[in-house]
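Thanks for making time. I will walk through one structure, starting with its sheets and then moving to its helices.

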Amino acid sequence: MRILLIEDDEVLGNAVADHVAEAGHTVDRAKCLSEADDSLAVATYDLALLDLMLPDGLGIPFLRKRRARGDSTPVIILTALDQITERIDGLNAGADDYLVKPFDLAELSARIGSVARRYGGNPNPVVRLGAFEVDLAARTIRREGRPVPLTAREWVLLGAFLARPNQVLSKAQLEERLWSFEAEIESNAIEVYVSRLRRKLDHSVIETVRGLGYRLGCP
């Protein structure tokens, strides 16, 4: 997934960003609400991690404004504010989940996965892809019981297709999922990763739609 982390604390922000990136997600970092607005204006995110106390304002009014504009990006609030009334305010403002600092990074990963499955329309972490059994929570793929190892980038690419099984995804859309703003991307990077994924799974797992992009197939 492509995730927007809105957190001004340098130590915590770096720890969360590194952990989420190591799990195979693409992370953009905003250290204030104005930076978050700028990022949301130019990129599509699968999830936002939102701190409530930012240098230029509070997270809950920011979230209310985003929801009022029709922004449906899933949001997990990360905050040191642990009163039940504050949790209720956050959820009522449109948050999908609420995690109180300090939190375990493994729990954050589990909550990210839970929200992603909910919005993907499949609460079951295990899905079938032709002859393959894909465990989204454990990040494993098996074919007839044998594991198929994927790199972090290959997981991100497969996840993008699994989240939109009937849609054609353009090269630009896939680049947006796989790399952050700062990354330098080779012109043929998507073709390379699609080719690698096809070799590891099956050529028909990803269909090429000439002139438009790629679509999830069925081996």
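Before the first helix on a sheet, one definition: an angle here runs from 0 to 180 degrees between N-to-C directions, with axes fitted to C-alpha atoms. Please also keep in mind that this is a predicted model.

With that, take helix α2, residues 33–42. Helix α2 lies across β1, β2 and β3, and its direction is at about 160 degrees to β1. Angles over 145 degrees count as roughly antiparallel. A second helix, α3, lies across β1, β3 and β6, where β6 is 75–79. The angle of α3 to β3 is about 150 degrees.

Now the sheet under those helices. In what order do the strands of the five-stranded open sheet come? The order is β2-β1-β3-β6-β7, and the pairing is parallel. At the edges stand β2 and β7, each with a single partner strand, so each has one side without a neighbour in the sheet. From one strand to the next, the twist averages 20 degrees.

Inside that sheet, look at β1 and β3. Strand β3 covers residues 47–51, and four bridges join β1 to β3, the two running parallel. One pair to find on the screen is L5, whose bridge partner in β3 is L49.

There is also a side-chain link between two strands of this sheet. Side chains of opposite charge can pair when their charged atoms come close. Here, D28 and R2 form a salt bridge, with 2.6 Å from N to O. D28 sits in strand β2, residues 26–30, and R2 in strand β1, residues 2–6, so the salt bridge ties together parts that are 26 residues apart in sequence. Over the whole structure, a search finds 15 salt bridges.

Leaving the sheet by its β7 edge, we reach a loop. P102 lies in the loop between β7, which is 97–100, and α5, which is 105–119. The peptide bond joining K101 and P102 is cis, with omega about -10 degrees.

Next, helix against helix. Two packed helices are described by the angle between their axes and the distance between the axes. Start with α3 again, residues 59–68, and α4, residues 84–92: they pack at an angle of about 20 degrees, and their axes are 9 Å apart. That angle makes α3 roughly parallel to α4. Their crossing is left-handed. On the α3 side the contact has I60, L63 and R64, and these meet E86, D89 and G90 in α4. By class, the residues of this contact are two nonpolar, one polar and three charged.

Further along the chain there is another open sheet, with four strands. Its order is β8-β9-β10-β11, and the pairing is antiparallel. The edge strands, β8 at 126–129 and β11 at 146–147, each pair on one side only. Strand β10, residues 140–143, is joined to β11 by two bridges, and the two run antiparallel. In that pairing, R142 stands opposite P147 in β11. The loop between β10 and β11 holds E144. E144 is not a glycine, yet its phi is positive, at about 55 degrees.

Then come two helix contacts that involve α8. How do α6 and α8 cross? Helix α6 is residues 152–163, and its axis comes within 10 Å of that of α8, crossing at roughly 90 degrees. That makes α6 roughly perpendicular to α8. R153, E154, L157 and L158 in α6 meet Y193, V194, R196, L197 and K200 in α8. This contact has five nonpolar, no polar and four charged residues.

The other contact is with α7. Helix α7, residues 171–178, packs on helix α8, residues 189–200, at about 80 degrees, and the axes are 10 Å apart. This pair is therefore also described as roughly perpendicular. From α7 come K171, L174, E175 and L178, and from α8 come I190, E191 and Y193. The classes here are four nonpolar, no polar and three charged.

Last, a hairpin. Strand β12, residues 206–209, and strand β13, residues 213–216, run antiparallel and are joined by four bridges. E207 has R215 in β13 as its bridge partner, and T208 stands opposite Y214 in β13. Three residues lie between the strands of this hairpin, and G211 takes a positive phi near 80 degrees.

That is the end of the walk-through.

Technical notes: Residues are numbered from 1 along each chain as its sequence is written. This is a predicted model: local features need pLDDT of at least 70, side-chain atom pairs count only at pLDDT 80 or more; totals for chains, interfaces and linings use all residues. Side-chain values use heavy atoms; hydrogens and water are left out. Angles under 35 degrees count as roughly parallel, over 145 as roughly antiparallel, 65 to 115 as roughly perpendicular and the rest as oblique. A crossing is left-handed if the near helix is turned anticlockwise from the far one by less than a right angle, and right-handed if clockwise. Contact means heavy atoms within 4.5 Å. Ala, Val, Leu, Ile, Met, Phe, Trp, Tyr, Cys and Pro count as nonpolar, Asp, Glu, Lys and Arg as charged, and the others, Gly among them, as polar. Two strands pair if DSSP finds at least two bridges between them. A salt bridge is a side-chain nitrogen of Lys or Arg within 4 Å of a carboxyl oxygen of Asp or Glu.
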